Amino acid sequence: MSFYASAASQEKLNADPREPHRPGLILGLRPLARPLVPVTLALIAGIAAPAWGLRLPDPWLLAGALALWAALAFLWWQRRPARFLPLILFGLLGVAFYQQAWQPDFPPGHLAKLPQHQNLTLFGHLNRPGKLGGERVQLFMEAVAWRSPWGWRPASGNLLVLAPVPEPPPVGTGLVVRGRINPPRLLLNPGTFNRPRFLAADGLFREVRLSDPQRAIFLAETQDYPWAERLRGGIRELLKGMDPAGRAIYLAMLLGDQGEITREMRHNFARTGTSHLIVISGLHLGMVALVTYFLSFLLLTRFPRLLLRVNAVKIATLLAAIPVVFYAWVAGGSPSTQRAEVMVLAYLFLVFLGRPGEVWSALALAALIILSLSPLRLFSISFQLSFAAVAFLIYLVPRLVEGTNWSKLDYPFPRGAVRLILFRIKEWFIVSVVAALATAPLAALYFQVVSLLGILVNLVAIPLVLLLALPLGEAAVISQAFSLTPVAQALLFVGKLPLWLGYQVIQWAAGVPGAAITTSTPTWLMIAAYYAVLILVFYPRRTLLTWAGAGLAGLVLLTSAALPLATVPKAMEVTCLDAYGGLEGVVVTPENRRLVVSAALPPRWGRPAPGWGPLPGYLHWRQFRSLDLAIALNLSEANAGELLTLAQQFNVGSFWYGRRDRAGAAYWDLANYLGDRGASPRSLERDKPPAAVGRVDLQYVKLAVDAAPALEVAYQGQRVLLLPPVRGLAAEALPAVAGSLEALVIPAELATAENRNHIMARLKPRRVVVYGDPGRSAAARSPWPVPCQFTREGAVSLYLDASGVTARQWRPQE
């Protein structure tokens with residue numbers, strides 16, 4: 001019997017035969033068999049509440065917690081049931097945990113207390129392995145001191161350093177950096193990834209971006225590096241002789257370093273639903289624990305006399321925990337690795353106590369420990385994917401496996417061996433199906449890709465990569481730890497064969513047409529309805545009420561998915577997004593045709609990597625699947641990667657560009673991708689650009705000889721002019737327009753106090769939208785003679801019809 005089926009059987013054995021099974025008992029009416037489950041769910045609800053806008057002042061939280069403690073003490077003294085009061089208490093604790101983790105009280109000398117937005121000199125040490133990412137390296141530095149006008153002063157806190165260095169130095173290296181300390185930037189657009197909260201979960205509240213590698217000085221160590229760092233360096237040396245794909249996968253699985261995973265490899269993993277293979281997760285540590293447990297138990301059974309004195313299960317469980325801890329330690333102790341380590345150790349702890357059937361308690365205990373230590377981890381992608389997959393494996397697999405009637409099968413071969421093999425194959429297939437169903441909505445939410453072949457590919461890839469290649473690689477790491485380099489080389493030589501075979505399967509499946517579909521970003525209502533259907537359809541005691549609930553949830557899911565398709569706009573919409581300095585806009589016509597406008601600042605190091613723009617996330621949030629036009633008023637390395645993402649994830653009618661700045665790798669990737677599909681980007685100057693999209697007229701306005709053109713969109717006599725960022729363009733050089741503009745979209749460098757009179761005289765706008773950083777001076781934000789909005793405060797949408805223009809600005813919930 002499988003692990004999950006055994007768990008279900010164990011639950012039946014633990015049940016009291018004298019009492020009927022009554023699921024969902026209220027806490028306090030009778031002691032729950034698994035109190036950790038509702039307590040953990042209450043804590044999760046409390047942590048999630050502030051993210052949805054429920055913020056409580058600290059005095060209110062303290063008063064509420066004290067009142068609940070007093071009420072619980074009174075009920076305990078009176079021997080009365082507490083009912084839901086403990087859950088409310090843990091919900092309040094969740095709210096308090098979130099608010100403290102998101103906005104902590106920094107001590108004096110913390111990086112957040114130092115002067116911001118100005119060049120500072122900092123000294124510290126690298127406390128975590130760095131990460132490669134294209135042309136930049138992420139360094140994690142623990143600050144020790146900073147140089148003030150009065151000399152060096154103590155400093156504390158962790159700092160994310162983005163620097164153009166060749167490769168990350170070892171952990172423990174001394175580092176001196178000079179740059180501007182800033183809080184992580186959050187783009188205020190719908191559908192934008194909350195990067196500051198993601199970094200805050202790792203204790204990172206400040207970052208510095210360096211454009212000059214000489215601003216990061218690595219100090220020579222006077223003593224040896226930590227043993228773990230020397231071991232990681234030895235593993236890197238051993239892997240240098242492998243093929244690039246195998247080396248990149250082994251580095252990701254063994255050391256948590258994904259720097260050598262190429263864009264093509266990520267694309268292959270995403271299309272086949274196997275991205276989890278290159279992220280150290282509970283599956284990796286679980287496989288290592290499973291192989292160790294099996295070999296240890298098998299070895300102990302060879303000594304019958306020893307079994308009379310010791311418990312083989314407990315000894316094997318303790319031995320299985322050793323490589324799990326060692327694996328997580330060698331991998332650098334990243335947050336995702338620590339989460340996986342807690343999950344696996346929590347279950348091994350219950351196995352050691354002789355309660356392997358309490359898988360729900362193990363899952364709840366792991367979540368409770370992780371969220372108590374780092375509440376913001378609830379919002380990480382890896383946390384949600386891991387716990388959703390494990391929860392539904394526990395919930396569904398025992399029911400599906402027990403429902404199989406193997407007695408009806410007739411085989412001409414020996415029934416015992418054949419039945420066992422076929423049972424394991426079908427059980428593994430069911431596990432793959434359930435894991436795919438459990439993670440599909442979250443994959444669509446965060447990656448906008450759902451693999452259709454993932455179930456079949458994982459059936460082959462997981463045994464080859466995780467059951468064979470990973471344990472051999474981990475054994476090589478252990479051998480290297482004992483300076484057995486020849487043994488480690490032999491193990492890696494054997495392990496690269498299943499690793500190569502597994503990736504060949506993934507690469508072949510990724511090239512199959514229809515291997516994956518690109519989806520829009522589902523709403524949380526759609527995700528909740530999806531999981532409700534999955535839970536109610538396989539509910540243990542299905543009744544008419546559960547079937548009605550499943551039908552209602554399915555109706556909500558279908559309605560939510562179809563509603564955006566049936567919505568027809570009644571006016572022309574022009575939306576300007578908050579971006580990293582450039583122009584990012586979307587125009588939607590009354591016929592529901594879509595035009596994307598992009599104009600990036602000239603490329604400069606220190607900006608986010610290509611493809612990090614806000615357009616893909618916003619378009620997925622809008623449930624768009626097709627775009628009629630994509631116009632880059634200027635095309636450069638800064639926005640070519642984002643346009644490539646649009647080409648890969650949306651059906652784009654045609655690509656056009658105005659000025660083309662310095663071409664780089666991202667531009668040629670875009671040109672090659674579109675050229676292979678017979679849709680190369682066309683020039684607005686040399687070719688005949690489209691003059692209209694539906695009933696919206698387009699006009700391209702020349703600004704200067706070497707400048708990118710501006711775009712004017714008009715509908716029913718209402719005009720909006722979008723100016724690209726052009727350095728050195730004076731307001732006096734702006735072309736005069738006939739009549740007046742309903743709205744003008746301009747970069748922040750033109751929206752200065754001295755330029756406003758010229759702008760108002762030449763363009764005569766009735767409303768102004770400023771994108772980019774308007775600066776921190778009062779002059780840059782002084783009132784305009786017409787309504788003015790800044791995209792830095794939230795994405796701005798303009799709705800134009802014959803009656804005029806209406807403006808709306810998006811505000812985040814927190």
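This is a short tour of two nonpolar cores, one helix pair and two cysteines in a predicted model.

**Stop 1: the largest core.** Start by selecting Tyr250, Met253, Met265, Leu466 and Leu499. These are the residues with the most contacts inside the largest nonpolar core, which has 51 residues. Now color the helices that give two or more residues to this core: α6 (227-239), α7 (244-255), α8 (263-271), α9 (282-300), α11 (312-330), α12 (335-352), α16 (454-481) and α17 (485-510). Which of them gives the most? That's α16, with 10 residues. As background, nonpolar side chains tend to be buried together in soluble globular proteins.

**Stop 2: Met265.** Zoom in on Met265 and show what it touches. Leaving out residues up to four places away in sequence, you'll find Ala245, Ala248, Ile249, Glu260 and Tyr503.

**Stop 3: a second core.** Next, pick Ala51, Tyr98, Ala367 and Leu371. They're among the 31 residues of a second core, separate from the one you just visited.

**Stop 4: two crossing helices.** Go back to α6 and α16 and hide the rest. Their axes come within 10 Å and cross at roughly 120°. Angles of 65 to 115 degrees would count as roughly perpendicular and over 145 as roughly antiparallel, so this pair is oblique. The crossing is right-handed. To see the contact, select Trp227, Leu231, Gly234, Ile235 and Leu238 on α6, then Ala476, Val477, Gln480 and Ala481 on α16.

**Stop 5: cysteines.** How many disulfides does the structure hold? The count is 0. Finish with Cys576 and Cys788. Cys576 has a relative accessible area of 1%, so it's buried, while Cys788, at 23%, is partly exposed.

Key: Residues numbered from 1 in each chain as written. Predicted model: local features only at pLDDT ≥ 70, side-chain atom pairs only at ≥ 80, totals over all residues. Heavy atoms only, no water. Core = buried A, V, L, I, M, F, W, Y, C linked by side-chain atoms within 4.5 Å. Buried < 20%, exposed > 50% of the residue type's maximum accessible area, 1.4 Å probe, protein only. Helix = DSSP H or I, 4+ residues; strand = E, 2+ residues; numbered from the N terminus. Contact = heavy atoms within 4.5 Å. Disulfide = S-S within 2.5 Å. Axes fitted to C-alpha atoms, helices over the stretch in contact; angles between N-to-C directions. Parallel < 35°, antiparallel > 145°, perpendicular 65-115°, else oblique. Left-handed = near helix turned anticlockwise from the far one by under 90°.
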